[in-house]
Amino acid sequence: MTPYHKKLIEVALPLEAINAASAREKSIRHGHPSTLHLWWARRPLAACRAVLFASIVDDPSSRPEEFPTEEIQEKERQRLFGIIERLVLWENTNNEQVLNEARAEILKATDGHPPPVLDPFCGGGSIPLEAQRLGLEAHASDLNPVAVLITKALIEIPPKFAGMPPVNPEARKKMQKKIEGQDWPGTTGLAEDVRYYGRWMRDEAEKRIGHLYPKAKLPDGSEATVIAWLWARTVKCPNPACGAMMPLVRSFALSTKKGKEAWVKPSVDYSSNNRVVKFEVKTGHGQPSEGTVNRRGAHCIACGTPVRFDHLRLESREKRMGSQLIAIVTEGKKGRTYVSPESLHSEIASKVIPSFKPDGEIADNPGHTNVYRYGLTRFGDLFTSRQLVALTTFSDLEAKARVQVIADAQATGLTESQRIADGGQGAQVYADAVGTYLALSLDRLADRSSTISSWDNTRDNVRNTFSRQAIPMVWDYAEANPFSNSSGNFQGAVDWITDVLRALSPKIDGYARQYDSTTFLPTDLFFLISTDPPYYDNIGYADLSDFFYVWLRRSLGLVYSDLFSTLLVPKERELVAIPYRFNGSKEEAERFFEEGLGRAFELMRTVCRVDFPLTIYYAYKQAEEDAAQSGLASTGWEVMLGSLVASGYAITGTWPMRTELANRSVSLGSNALASSIVLVCRPRSEGAPIGTRKEFLIALRRELPAALRQLQKGNIAPVDMAQAAIGPGMAIFSRYSKVLEADGSSMRVRTALQLINQHLDEYLSEQEGEYDPDTRWALSWFEQYGMNEGPFGDAETLSKAKNTSVQGMVDAGILKAGAGKARLLKREEMDASWNPNTDKRLTVWEAAQHLIRVLEAEGESGAADLQQQLGGLAQSARDLAYRLYSICERQGWSQEALAYNSLVTVWPRLMELGRKEEAQRSLESFL
């Protein structure tokens, strides 16, 4: 095999900086590429950027001629870490100084010839977008046309029009009044045109259908623009003596904000044969009634009759489910105003007749598309008639906007542009680009304009359809006004798109194509491949993205005829293990997924550059159901690892990437989810030997401890240690073409993972031998009793085994004993005036506990000062935290585990503060 330089990602990463930036990204909205269009389970941009950079630059240890000693290598590694730490910050997303620093390192590592990057499962486009940001030619593919279009909008369209001024007449007039040659950096000119023609669409639509959205009368007699109409689905009460159209309402609360409380008060008119339910809005102090539907079923508000879901499903399937207006939300000077329903508003909505209704069939996937069981089987069934008219009108106007863009572009001479001239069709190309973003704006509108959109009474706005990865049945829904200035309006959807465009700064071309990556990948280039493949039995995104596809196809079917050639998103070849697509067979679904994933990895090998590692993202559950008990094959995580190994890859690293806060309390013993694991892989040598179980175990004992020490040296958080240890462990396992058990069968990936985890536990246990007797006693006691009391006799017996004494540990300040009981002192009970310089019986245990105590009480500055006082003992205290975390994880002590995880994660910061304080003291002494 061709020799290669080991890359930084194969040795070390500044994980905490990457994870912190990834977590912060979740709170970034305006301008974030994720707001261009909804896509599920996007990878954080910060993580993608860091992984790509670290996959290209060499680890200093691979260049001994430049970095001959470990000390020099570590210094260079820290320099590269510094670049990554700056690179991942959201504020530096378009900081050219920081980006150029990273690009220079990439050019240096590749002798000026950086590799093109390929993501064959591009999804929402995060990986190719970040490749492009780093100055790399980005290639992306996906079977799903919605994913391909999103990625085109991020990496393919923007570079074509970078630096180009807008063509709309309003902007042109302003430009003529200023100095000629006004700069339009990045895609700000394109963004300005999307904003202008989007506003034109909004104004034209209001002329056509604005009468369908009347204003509401307020209690003072004035009128206000409606934000949303709140409706409840209704069915006839099954009680023959009642006959009421019973409203199905999850909650009658309209606003739960303090000082702005509002709710709906239902009442029943018993004067007619069929009881009539009426609604009135109340504000101020009061308690709303319980909803009429919950997880157990529903009840009639008029007579109290309980109603099972079976009845609701039947009524809905038989088209006997209706709807009733229960409240109106309007725009007010001081926020939302809630008013009681008006008959005029109900009448207008009931008389609307749509001219178009998307006819695609919704997948019957229980638990994910529950609407199907209620007879909402076509995508058109998810919208009210008024919503259908609005979406159809905006779709028609998008086509007219493209015609107007062509005319305005031609007036500016765009057809003569050397930048995008295409056989005289430059104006057409540009119009299609503007139209693409306008169609994506329509999708954003659709996401808040369906009967699956509900009212959020904690935030006082309209929830989107996909508030989770499903199309669930929603009983009381919010119908947004596309002409308001609040959530769910069309202009707001356009503004979200333009914010993203303004934040893009494309420097190099990108390409997004529709491929089935299990059967085809482009072979005209060799790529650095980084990808986020489908997650085993997760819901098929094809089922969900049909919701958007039906509208995109109507708007852009002629513009992207290759993408929208099918009635719905292709599903037959979608790589996901969903049993309902295989007549309920889990075995067939898993076989399909495993075989398809294997073929995809095999194809990647044919186009993957051997001098760069392959990186794979995977959502990894720390505790997955043991499917082996039911006779099935392994879980998705094991299938992923097994497919990589079977496809000829050796796994050389695993890095936990989290989007939660680094110091969050870990839900030990639960299905806690590390946002993703990044697997680092290299093609395995063709002549890889066959190994035995014994050889594998010997190699683990010989090589894994050094790798684990390197991980600890890199300050990997205890919460991430088990996942990170999989990398070096699987590197040993996957160097063999296969590992044979004693009976001649091939070792399963599950078995290899169990053995790796056992050796991790052994490694952490073996470190105990380096500690003082008191600390070794405390560790053993802690593992059995935690911070609780235990028998004094047990404490005495254990102290003899550890060559210490109970009284000695009491004197040392770590133990309380008496009345036949003994227990470790809790941190809050320990001596706050403790000074390691005067302690005559200094232990690693108390050093670790006091560090945590001071960190919690005095913050980083106080802990950094104590760290300096402890000297070399501080490092032992940090190492002890790994062992203590491991014990807590096993015992399920989440809060105690958090303390030890926090100490390790903050360690680099404490060292930095300590160095600064020491330098300041030296300066003051010198002066």
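How many cavities of 30 Å³ or more does the structure hold? There are 7 of them, and they make a good place to begin the tour.

Before you start selecting, a word on the model. This is a predicted model, in which local features need pLDDT of at least 70, side-chain atom pairs count only at pLDDT 80 or more, and totals for chains, interfaces and linings use all residues. Residues are numbered from 1 along each chain as its sequence is written, and side-chain values use heavy atoms, with hydrogens and water left out.

**Stop 1: the largest cavity**

Select Phe121, Asp142, Asp532, Pro534 and Tyr541, the residues nearest the centre of the largest cavity among the 35 that line it. On a 1 Å grid over the protein atoms alone, a cavity is a set of points where a 1.4 Å probe fits but cannot get out, while a pocket is an open set with protein on both sides within 12 Å along at least five of seven lines; lining residues have an atom within 4 Å of a point. The largest cavity holds about 490 Å³ of space, where a volume is the space filled by probe spheres set on the points, and grid points are joined across faces, edges and corners.

Now colour α5 (126-133) and α14 (541-556), the elements that give two or more residues to the lining of the largest cavity. Helices (H or I, at least four residues) and strands (E, at least two) are DSSP runs, numbered from the N terminus. By class, this lining divides into 18 nonpolar, 9 polar and 8 charged residues. Here Ala, Val, Leu, Ile, Met, Phe, Trp, Tyr, Cys and Pro count as nonpolar, Asp, Glu, Lys and Arg as charged, and the others, Gly among them, as polar.

**Stop 2: the second largest cavity**

Move on to Asp58, Arg63, Glu76, Glu105 and Lys108, which lie nearest the centre of the second largest cavity. About 130 Å³ of space is found there, with 13 residues in the lining. Of these, 8 are charged, 5 are nonpolar and none is polar. Helices α3 (70-87) and α4 (96-109) each supply at least two lining residues.

**Stop 3: the second largest pocket**

Keep α3 in view, as it also gives at least two residues to the lining of the second largest pocket. This pocket has a volume of about 1200 Å³. Select Gln78, Glu85, Asn715, Pro908 and Arg909, the closest to its centre of the 41 residues that line it. Which helix gives the most to this lining? Show α1 (15-25): α1 supplies 9 residues, the most of any element. The lining as a whole has 20 nonpolar, 8 polar and 13 charged residues.

**Stop 4: helix α25**

Next, select residues 894-905, helix α25. Its 12 residues reach 16 Å from first C-alpha to last, close to the 16 Å expected at 1.5 Å a residue; the expected span is 1.5 Å times one less than the number of residues. Because 10 of the 12 residues are buried, α25 is largely enclosed by the rest of the structure. Buried means under 20% relative accessible area, exposed over 50%, and partly exposed in between (1.4 Å probe, protein chains only). Tyr900 and Asn901 are among the buried residues of α25.

**Stop 5: strand β17 and its partner**

Select residues 476-480 for β17, where 5 of 5 residues are buried. Asp476, Ala478 and Ala480 are covered on one side, and Tyr477 and Glu479 on the other. In a regular strand the side chains alternate between the two faces of the sheet. Add β5 (226-236), which pairs with β17 in the antiparallel sense over 5 bridges; two strands pair if DSSP finds at least two bridges between them. To see one bridge, show Trp231 with its partner Tyr477.

**Stop 6: a three-strand sheet**

Here 3 strands form an open antiparallel sheet in the order β25-β27-β26. The edge strands, each pairing on one side only, are β25 (790-791) and β26 (815-818). β26 pairs with β27 (821-824) over 4 bridges, and Leu815 has Leu824 as its bridge partner.

**Stop 7: Val645**

Finish at Val645 in helix α16 (636-646). Is Val645 buried or exposed? At 9% relative accessibility, Val645 counts as buried. Leaving out residues up to four places away in sequence, Val645 touches Ile651, Arg684, Met730 and Ser734, where contact means heavy atoms within 4.5 Å.
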